[in-house]
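Work through these exercises with the sequence and the structure side by side. Try each task before you read its solution.

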Amino acid sequence: MQAIEIDHDVLSRRATIVAALKKIVPGEGVIDAAIGRRAYESDAFTARRALPMVVVLPETVDQVRAVLAYCHENNVKVAPRGAGTSLSGGALPLEDGVLLSMMKFNRIKEIDFDDRIAVVEPGVTNLAITRAVEHRGFYYAPDPSSQIACSIGGNVAENSGGVHCLKYGLTTNNVLGVELVLMTGEIVRLGGRWLDQDGYDLLGLVVGSEGMLGVVTEVIVRILRAPETARALMIAFDSSEAAGACVADVIAAGIIPGGMEMMDRPAIAAVEDFVHAGYPREAEALLIVELDGPPVEVDHLVGLVEAIALKRGATQCRISTSNEERLLFWAGRKAAFPAVGRLSPDYLCMDGTIPRKQLPRVLAGMRDLSEKHGLRVANVFHAGDGNLHPLILYDANKPGELQAAEDFGADILRLCVEVGGVLTGEHGVGVEKRDLMPVMFNEVDLDHQIRVKCAFDAKHLLNPGKVFPQLRRCAELGKLHVHAGNLPFPDLPRF
Ligand SMILES: Cc1cc2nc3c(=O)[nH]c(=O)nc-3n(C[C@H](O)[C@H](O)[C@H](O)COP(=O)(O)OP(=O)(O)OC[C@H]3O[C@@H](n4cnc5c(N)ncnc54)[C@H](O)[C@@H]3O)c2cc1C
């Protein structure tokens with residue numbers, strides 16, 4: 001992985017920078033001591049760590065504005081951070097930059113049940129939004145497994161998804177507006193309390209921009225009426241091919257389940273040992289399919305899905321008869337990551353998306369790659385969306401195993417792209433998949449993407465080193481042709 005070059009000029013000015021930041025955010029809002037900064041050295045992509053130069057925890061929009069304006073003027077880089085649960089290293093700090101934690105922005109500012117919106121600060125956790133509206137029968141639909149901890153600001157930056165996104169859409173489909181502070185300190189509002197906006201869809205651009213275009217200081221989300229009822233099916237197959245075909249058949253029949261998740265044999269065993277949800281250990285693949293809506297419709301659809309599954313050779317099909325049983329079916333899936341974490345000292349959680357019908361081919365390919373790299377893999381995925389989460393098991397204490405795990409992960413993502421898929425489904429590119437971007441995009445594509453970045457952050461100070469593999473200054477765009485290793489503009493500092 002390409003190292004990020006450290007700006008020693010900035011480091012030499014550290015004391016001045018810290019003093020200036022302390023004036024902007026007084027009290028305990030600036031963490032200067034190394035021991036305090038250590039807590040922020042990585043996000044959930046723990047394979048990469050860096051001690052931030054300084055951590056700042058603003059409490060007001062005006063403080064965010066002033067911090068960014070100061071950093072802009074003094075050429076100091078900034079990495080925004082929410083709860084630090086990113087699995088792609090999106091919130092990895094910079095050793096010569098400010099880590100801007102948004103977790104003190106934790107207020108729910110307004111709930112409007114008539115307009116079906118909630119106005120929240122970015123540090124509010126995903127689950128807290130549902131908790132705040134469920135007494136009136138509402139909920140916030142995107143539900144990452146990390147929802148108890150991850151912040152809505154992080155969700156916006158990563159365009160996060162979850163089990164219910166197949167039917168109800170990802171973050172981008174459930175966010176109506178944001179307030180954003182640009183690197184210059186300018187404050188802009190994109191979208192609003194209504195369903196569409198005038199002009200270009202800049203809100204669509206910001207959702208999923210991985211903290212590289214601006215710092216989100218307010219989010220307006222859509223809240224939905226909770227479905228009247230929900231029932232789940234737990235369906236076992238003796239091959240992942242049959243399970244994959246069943247997923248495709250359900251969607252082809254025009255049924256959009258509230259959630260449709262799949263696990264392979266290693267994941268099933270890990271989950272069953274951990275949660276005892278009654279998963280069949282002998283199955284090669286397990287589907288959890290949830291149907292929600294009015295009871296009559298749900299009962300009808302449950303019957304249809306059962307018939308499709310049996311036609312595809314399901315070896316077992318259990319249908320939940322109570323809400324407790326439905327939640328038990330889900331308990332295993334929801335705990336899949338920690339369950340797999342008990343199998344090995346470390347794991348890398350990959351995230352790629354493929355056309356659904358390619359599931360069998362990709363799963364077979366992964367088995368071959370597992371042999372090639374000599375590492376085990378367990379698969380948990382949002383089958384309905386074709387979003388894979390292979391968990392590659394390794395031991396960081398064994399020399400060479402982290403590298404082998406990363407090579408294995410890179411091969412899986414190459415395979416996803418080869419079959420017509422994409423490098424990420426919901427975890428973002430971050431630093432984890434950054435160097436694989438050229439597998440999907442050519443130089444021209446990347447140039448155009450960076451032009452967008454330049455329009456928001458011409459000095460490339462906001463979260464640099466993420467997403468784009470070949471770091472270019474805005475001045476270089478369209479002119480950066482590297483021939484025989486000779487980089488043009490060699491005098492320009494690179495990240
Ligand atoms: C156990 C586990 C399960 C997970 N399951 C899922 C899942 O099911 N689906 C899913 O999509 N993800 C999942 N994730 C990944 C992660 O939780 C999401 O990416 C989440 O949105 C990150 O939110 P965060 O608050 O932790 O952000 P952070 O990790 O702090 O930051 C993530 C990115 O957002 C940027 N950012 C944060 N706050 C702001 C802000 N206010 N303004 C601008 N940029 C900002 C950061 O710079 C960074 O690029 C999982 C993670 C874990 C550890």
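**Exercise 1. Find which domains hold the ligand in this predicted model.**

Solution.
- Step 1. Start with the domain assignment, which gives domain 1 (8-101), domain 2 (108-225), domain 3 (234-337), domain 4 (344-432) and domain 5 (437-463 + 471-495).
- Step 2. Look at who contributes to the shell around the ligand: both domain 1 and domain 2 give residues to the shell, so the ligand lies between them.
- Step 3. Fill in the shell. The ligand is surrounded by 36 residues, and G82, G90, G153, G154 and G211 are the closest. Two or more residues come from each of β3 (77-81), α6 (152-158) and β10 (215-222). With five residues, α6 gives the most.
- Step 4. Sort the shell by class: 17 residues are polar, 14 nonpolar and five charged.

**Exercise 2. Describe the stretch that UniProt annotates at residues 48-226.**

Solution.
- Step 1. Read the record. The unreviewed UniProt entry places "domain: FAD-binding PCMH-type" at these residues, 48-226.
- Step 2. Add the secondary structure. Over residues 48-226, strand makes up 26% of the chain and helix 23%.
- Step 3. Check the ends. The end C-alpha atoms of this stretch are 39 Å apart.

**Exercise 3. Is A50 buried or exposed, and which residues does it touch?**

Solution.
- Step 1. Locate A50: it sits in the loop between α3 (34-37) and β2 (54-56).
- Step 2. Count neighbours. The cut-off for buried is 20 or more other C-beta atoms within 10 Å. A50 has 21, so A50 is buried.
- Step 3. List the contacts. Leaving out residues up to four places away in sequence, A50 touches E41, L92, P93, L94 and E95.
- Step 4. Compare with F381. A50 and F381 are 331 residues apart in sequence, and their C-alpha atoms are 30 Å apart in space.

**Exercise 4. Work out which side of helix α11 carries its buried residues.**

Solution.
- Step 1. Find the helix. α11 covers residues 265-275, and A267, I268, A270 and V271 are buried in it.
- Step 2. Look down the axis. The buried residues of α11 fall within an arc of 165°, so they line one face of the helix.
- Step 3. See what that face meets. The buried residues of α11 pack against β13 (259-264), β14 (285-293), α13 (323-334), α14 (336-341) and β18 (377-382).
- Step 4. Step past the end. H276 follows α11, and its phi is positive, near 55°.

**Exercise 5. Describe the contact between domain 3 and domain 4.**

Solution.
- Step 1. Take the centres over C-alpha atoms: those of domain 3 and domain 4 are 22 Å apart.
- Step 2. Count both sides. Domain 3 puts 18 residues into the contact and domain 4 puts in 14 residues.
- Step 3. Name the elements on the domain 3 side. Those giving two or more residues are α10 (240-252), β13, α11 and α14. The largest share, six residues, is from α10.
- Step 4. Sort this side of domain 3 by class: 13 residues are nonpolar, three charged and two polar.

**Exercise 6. What do E210 and H460 have in phi?**

Solution.
- Step 1. Take E210. Its phi is near 55°, a positive value in a residue other than glycine.
- Step 2. Place E210: it is in the loop between α9 (202-206) and β10. E210 counts as buried because it has 22 C-beta neighbours inside 10 Å.
- Step 3. Turn to H460. Phi of H460 is positive, near 55°, and this residue too is not glycine.
- Step 4. Place H460: it belongs to the segment after α18 (443-456). H460 is buried, because 21 other C-beta atoms lie within 10 Å.

**Exercise 7. Set L393 beside G303: which is buried and which is exposed?**

Solution.
- Step 1. L393 lies in strand β19 (residues 387-394). With 22 C-beta neighbours inside 10 Å, L393 is buried.
- Step 2. Among the residues that L393 touches are L343, Y347 and V377. L343 is 50 residues from L393 in sequence, yet 7.7 Å away, C-alpha to C-alpha.
- Step 3. G303 is in helix α12 (residues 295-311). G303 has 12 C-beta neighbours inside 10 Å, so it counts as exposed.
- Step 4. G303 and L233 are 70 residues apart in sequence, and 10.0 Å separate their C-alpha atoms.

Notes. Residues are numbered from 1 along each chain as its sequence is written. This is a predicted model: local features need pLDDT of at least 70, side-chain atom pairs count only at pLDDT 80 or more; totals for chains, interfaces and linings use all residues. Helices (H or I, at least four residues) and strands (E, at least two) are DSSP runs, numbered from the N terminus. The arc is that of the directions from the helix axis to the C-beta atoms. Two residues are in contact if their C-beta atoms, placed from the backbone, lie within 7 Å. Domain bounds come from an automatic or database domain assignment. Ala, Val, Leu, Ile, Met, Phe, Trp, Tyr, Cys and Pro count as nonpolar, Asp, Glu, Lys and Arg as charged, and the others, Gly among them, as polar. UniProt positions are given in the numbering used here, feature names are shortened, and annotations may be inferred rather than shown by experiment. A residue is near a molecule or strand if its C-beta atom, placed from the backbone, lies within 6 Å of it.
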